[in-house]
Amino acid sequence: MAHRPNTNAPSDHHVDFLQQFVAKERERAAKPAPLSAQEHAANRKRLGTVRFVKPKYCSEMNVGDWRATIVNLTRDIVMDFFLFVCSNYRVRSWGTSEEYMRQFQQLYTTVTGQYMDRNDAKEVYKYHHHILVPRFGLRAPNIDGKPVLNEDSLRLLCYTGVRPAELVDGQRKGPKDGSLEKLFGRKVVQDVEADVDSDAPDEETQHLDQLLLQETTKRGRPKALCYEDILLMLVRHPTTGATIPAMAIKFIHHKGADNKPKPTIFFFTPTRKLLFNVIMVIIALALDDNAFDAPSLTDAASVYTKHVPGPTQCIPLRWKKEKLKIPVFRRIQGTLLSEVEPMTYSKLYYDMGRQSLDAGFEKAWTPRFARRGAANAANGDAPDSVRDQMMRHDPKFATFSGAYLNENARFDLQNAFLEEEKQDQLFRMFAHVSLTRDPRAVRDMVPEEVWINTPPDPEIMALEEERAALKQGRYRIEGHVAEKRIRELTNKISTKRATRDRTIVKEYREYYFYNRPTWDIEAQARDVEEEAYEVPTIDLTIPERARLADLLCFQPTNWTDEEATQYNIEATNLMSRVKQQMRHSRRRRFRRAVVLWALVDAST
């Protein structure tokens with residue numbers, strides 16, 4: 001049986017945690033209440049003499065049309081606007097608020113065609129630093145550190161240092177109020193096939209729009225990694241002469257690619273550990289998608305057993321033409337895997353955080369962790385020019401040193417000064433997030449005593465009382481005179497409950513990682529026999545998944561080249577079968593649900 005996370009914890013530790021949690025909730029509740037429209041007007045009047053937009057703000061604060069407000073912008077309105085932003089939205093660090101201020105300056109330039117007055121901008125930043133930061137307790141930048149992943153972490157992200165938007169769909173949803181069209185309507189290419197009005201463009205303009213559309217909306221592929229970006233090949237090893245698989249990936253959707261494309265090609269070779277073999281994953285995905293152009297490439301053995309013929313050095317494995325613009329990593333819609341829509345950034349971000357917490361890491365991983373790990377792995381081993389090329393950095397801006405350099409110095413300066421043997425292995429361990437990992441910890445490990453004894457949230461109670469007063473004991477609210485307000489309250493209550501539950505899980509995890517060392521030390525002082533930690537057994541019902549997990553997690557270290565090839569074939573085939581089974585199981589569950597709904601409808 002696996003070791004319980006809180007074995008050595010005091011029996012009443014949940015009481016101490018709840019006291020700390022309630023105290024933090026009260027501190028968060030102490031945030032100043034938002035000002036009313038009249039108070040904002042008085043504040044703007046005061047700010048007009050101080051020396052040191054968003055449409056919703058304009059409508060709620062009664063300052064007029066948002067576009068006209070930006071054209072006739074004054075310093076007091078800008079200051080009051082950012083007071084409104086900090087009061088009504090989840091702004092927690094001054095790095096975030098400063099980013100909003102820079103975006104606001106860009107919006108002003110877009111609307112008016114000129115830069116904001118430099119003196120006014122300086123006064124706004126002074127107001128931000130001296131008034132908004134202390135009033136709302138905004139967190140200083142980089143106070144949480146810059147965690148870095150090591151070589152035992154992720155595969156494709158750590159091997160390349162790419163931003164997540166180069167692998168999956170990182171496009172943000174645009175506003176639905178038409179403001180984007182108003183701001184950039186002259187720059188947005190309109191589809192000439194749509195209905196036209198009396199102000200329709202002439203024939204020459206329509207022809208120009210059609211040419212532009214070929215480069216934008218009708219380019220035929222999403223901004224994500226597609227099969228046409230991957231060159232899979234079999235190459236002849238220059239030393240042994242053996243045929244091995246290799247892969248090249250061209251990353252083109254980097255930051256700023258629309259303005260100045262700087263595509264970078266990364267090459268991949270097989271790894272000794274199957275768990276870190278990204279080529280095997282791509283082959284398994286391609287087999288499942290039936291993406292190979294050669295009809296004979298139907299399983300892993302048919303790929304791995306081919307050899308390079310004659311005097312050539314490699315055989316490229318071509319993709320079917322209809323698969324070239326298909327994303328490699330796609331999203332799941334309901335119960336089915338989409339054929340064309342790429343996986344979203346939010347899905348990647350959520351899965352990385354959830355799985356890292358379940359693996360016992362103290363902090364949830366983000367894609368930036370992997371990017372920092374790749375940058376720091378290249379730093380020192382590769383020339384600065386190569387490092388900046390791989391990270392898509394402009395050397396003249398020293399971006400790596402400012403944003404990606406590991407804040408933990410990976411050098412034993414003490415022993416170097418003393419002329420003693422340097423502890424390189426220890427310093428490699430010190431520099432990564434794996435140092436504080438606790439395999440006993442899981443993502444949600446809150447004891448039942450905490451959930452039972454958690455005091456109710458006053459805000460949620462107030463909302464429930466208001467909803468109960470409106471419902472007047474009625475269960476069905478359809479057609480109720482206050483139906484709209486009741487539904488709003490119900491949504492707000494459920495959102496606040498879910499947010500509070502997530503906060504409790506997060507706060508208890510921080511409480512556990514802070515106090516666990518003390519609990520273990522005190523247990524040793526009391527001569528408490530340490531409970532042996534057993535690695536959780538892999539208990540999977542599907543044979544293919546169980547065998548694949550056994551290959552990836554318990555791989556021997558003494559495989560020969562022939563054995564490694566055979567196990568690569570087996571693991572690739574297993575990956576493809578598991579993916580097919582997951583797809584079919586979702587369809588079966590969906591069919592059972594449809595039948596169940598039909599029976600319920602028939603019975604009613």
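This is a short tour of a predicted model, with stops at a sheet, a helix pair and a single residue in a helix.

**Stop 1: the sheet**

Select β1, β2, β3 and β4 together. These 4 strands form an open sheet, with antiparallel pairing, in the order β3-β2-β1-β4. Its edges are β3, residues 264–268, and β4, residues 314–317, each of which pairs on one side only. Averaged over neighbouring strands and ignoring direction, the turn of one strand against the next is 25 degrees.

Keep the sheet on screen and add residues 278–289, which are helix α11. This helix packs on the sheet and touches β1, β2 and β3. Between the direction of α11 and that of β2 the angle is about 85 degrees.

**Stop 2: β1 and its two neighbours**

Now select residues 230–236, strand β1, and residues 243–251, strand β2. The two run antiparallel and are joined by 7 bridges. Three residue pairs can be picked out along this ladder. Ile230 has Ile249 of β2 as its bridge partner, Leu231 stands opposite Ala248 in β2, and Arg236 is partnered in β2 by Thr243.

Move to the connection between the two strands. The hairpin of β1 and β2 has 6 residues between the strands, and Gly241 takes a positive phi near 80 degrees there.

Next, show β1 with β4. These strands also run antiparallel, with 4 bridges joining them. Select Met233 and look across to β4, where Pro316 stands opposite.

Is β1 enclosed or open to the outside? Of its 7 residues, 5 are buried, so the strand is largely enclosed by the rest of the structure.

**Stop 3: from β2 to the edge**

Return to β2 and show β3 beside it. The two strands are antiparallel and 5 bridges join them. Ile249 is a useful residue to centre on: it stands opposite Phe266 in β3, and Ile249 is also the bridge partner of Ile230. Centring on it therefore shows a row of residues across β1, β2 and β3.

**Stop 4: two packed helices**

Leave the sheet and select residues 75–88, helix α5, with residues 118–136, helix α7. Their axes come within 10 Å and cross at roughly 30 degrees. Angles under 35 degrees count as roughly parallel, and α5 and α7 are therefore roughly parallel to each other. The crossing is right-handed.

To see the contact itself, display these side chains:

- from α5: Arg75, Val78, Met79, Phe82, Leu83, Cys86 and Ser87
- from α7: Asp120, Glu123, Val124, Tyr127, Leu132, Arg135 and Phe136

Colouring this contact by class gives 9 nonpolar, 1 polar and 4 charged residues.

**Stop 5: Thr495**

Finally, select residues 483–525, helix α21, and find Thr495 within it. How accessible is Thr495? Its relative accessible area is 48%, and Thr495 is partly exposed. Add Ile460 to the selection, which is 35 residues from Thr495 along the chain. A distance between the C-alpha atoms of Thr495 and Ile460 should read 9.9 Å.

Notes: Residues are numbered from 1 along each chain as its sequence is written. This is a predicted model: local features need pLDDT of at least 70, side-chain atom pairs count only at pLDDT 80 or more; totals for chains, interfaces and linings use all residues. Side-chain values use heavy atoms; hydrogens and water are left out. Two strands pair if DSSP finds at least two bridges between them. Axes are lines fitted to C-alpha atoms, for helices over the stretch in contact, and angles run from 0 to 180 degrees between N-to-C directions. Contact means heavy atoms within 4.5 Å. Angles under 35 degrees count as roughly parallel, over 145 as roughly antiparallel, 65 to 115 as roughly perpendicular and the rest as oblique. A crossing is left-handed if the near helix is turned anticlockwise from the far one by less than a right angle, and right-handed if clockwise. Ala, Val, Leu, Ile, Met, Phe, Trp, Tyr, Cys and Pro count as nonpolar, Asp, Glu, Lys and Arg as charged, and the others, Gly among them, as polar. Buried means under 20% relative accessible area, exposed over 50%, partly exposed in between (1.4 Å probe, protein chains only).
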